[in-house]
Amino acid sequence: MSTNDCQLLCLPIEIFGYICSFLPAASLCQLEETSRAVQESLEEAKAEQRKYSFVRAMLEHVRVNGFDDTSVFKIIVGTKKIIDELASLVQKDFSRWKFSSEKSLKRNGLLYHIVKLLFRNFEDYVEKMKIYQIIRLAQVEAWSVDSWKKLDHEHLMIWVFEGGVVDVNKVVKILREEGKARLFTSDSPVVMGAYISGL
């Protein structure tokens, strides 16, 4: 069974996992046996649930408050799309700061000198770059501008979902604009070097 055969697999993975969380264990086992695609999606959903996700927090807020208007789920799907776009932008920006060797880094004169000043060696730069990228992607996923480990999105959730019926276009537009503050990258080698070396 492919994703074309099963519309459930076309949903964002957090929503797929959220729906599956209501199934009893026996039903989950039966669902898992229907195809390799479903089995892989369930594994991905389990992995997704282990990390903090703003989309999962939204789903939980909707569940706890008993919201059932379609507009709230459109907001969640829209937010997931925005987060995916931001993560993609972060990945793209980071590709500009990755180098396969010290020799290739040397071709980028200013950055090479910054790396020499701020890092022990090229390997230190590469290792800290990987860590920095993981942290930034986690912050995007958690919709955080600070530490994603200590988040309180309650006020934001109340604003987004109001009484359970919302203006989807207005909220998604505001969230998209807000998301620009979560990119955590810079065109300046000096700024990026300072960010990365601060780990």
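Okay, let's start at Pro 189. Which residues is Pro 189 in contact with, once we leave aside its neighbours within four places in sequence? The list is Trp 97, Leu 110, Leu 111 and Ile 114. Keep in mind that what you see on the screen is a predicted model.

So where are we in the chain? Pro 189 sits in helix H11. Is Pro 189 buried or exposed? Buried, because its relative accessible area is 18% and the cut-off for buried is under 20%. And look at Trp 97: in sequence, Pro 189 and Trp 97 are 92 residues apart, yet C-alpha to C-alpha they are 8.4 Å apart in space.

Now go to the other side of one of those contacts, Leu 111. You'll find Leu 111 in helix H7, which covers residues 109-118. Its relative accessibility is 1%, so Leu 111 counts as buried. Leave out the neighbours within four places, and Leu 111 touches Trp 97, Phe 99, Leu 105, Tyr 125 and Pro 189. Trp 97 turns up here, and it was on the list for Pro 189 as well. There's another long jump in sequence too: Leu 111 and Val 190 are 79 residues apart along the chain, with their C-alpha atoms 7.4 Å apart.

Let's stay with helix H11 and move along to Ile 196. Helix H11 runs over residues 189-197, and Ile 196 is in it. Why does Ile 196 count as buried? Because its relative accessibility is 1%. Not counting residues up to four places away, Ile 196 touches Phe 119, Tyr 125, Lys 128, Met 129 and Tyr 132. Lys 130 is 66 residues away from Ile 196 along the chain, and their C-alpha atoms are separated by 9.2 Å.

You'll have noticed some aromatic names in there, so on to the rings. How many aromatic pairs does a search of the whole structure find? Four. Take Phe 94 and Tyr 132: the ring centres are 5.5 Å apart and the planes are at 55°, so we call that pair tilted. Phe 94 belongs to helix H5 (residues 70-95) and Tyr 132 to helix H8 (residues 122-142), so this pair links distant parts of the chain, 38 residues apart. Both partners are tucked away: Phe 94 is buried at 0% relative accessible area, and Tyr 132 is buried at 1%.

Another pair is Phe 122 with Tyr 125, also tilted, at 6.5 Å centre to centre and 35° between the planes. These two are three residues apart in helix H8, which means about one helical turn separates them. Phe 122 and Tyr 125 are both buried. Bring in Phe 119, and ring pairs join Phe 119, Phe 122 and Tyr 125 into a cluster.

Back in helix H5, have a look at Ser 71. At 7% relative accessibility, Ser 71 counts as buried. What does the side chain of Ser 71 make a polar contact with? The side chain of Asp 69, at 2.5 Å.

Next, a little sanity check you can do yourselves, on helix H4, residues 54-65. The helix has twelve residues, and at 1.5 Å a residue it should span 16 Å. The end C-alpha atoms are 16 Å apart, so that agrees. The buried residues of H4 are Phe 54, Val 55, Ala 57, Met 58, Leu 59, His 61 and Val 62. Just after H4 comes Gly 66, with a positive phi of about 65°.

Let's zoom out. The chain has eleven helices and zero strands. Of its 199 residues, 41% count as buried. Those long jumps in sequence show up in the totals too: among contacts between residues at least 6 apart, 70% join residues at least 24 apart. The accessible surface comes to about 11,600 Å², and carbon and sulfur atoms account for 54% of that.

Last thing, confidence. The mean pLDDT of the chain is 78, and 83% of the residues reach 70 or more. Which element has the lowest mean pLDDT, and which the highest? Helix H3, residues 36-50, is the lowest at 72, and helix H6, residues 102-106, is the highest at 89. Where pLDDT is low, the predicted coordinates should not be read in detail.

Note on methods:
Residues numbered from 1 in each chain as written. Predicted model: local features only at pLDDT ≥ 70, side-chain atom pairs only at ≥ 80, totals over all residues. Heavy atoms only, no water. pLDDT = per-residue confidence, 0-100. Helix = DSSP H or I, 4+ residues; strand = E, 2+ residues; numbered from the N terminus. Expected span 1.5 Å × (residues − 1). Buried < 20%, exposed > 50% of the residue type's maximum accessible area, 1.4 Å probe, protein only. Contact = heavy atoms within 4.5 Å. Areas by Shrake-Rupley, 256 points an atom, 1.4 Å probe, with all protein chains shown as cover. Phe/Tyr/Trp six-rings, centres within 6.5 Å; stacked < 30°, edge-to-face > 60°. Polar contact = N/O pair within 3.5 Å; in protein donor to acceptor, adjacent residues only side chain to side chain.
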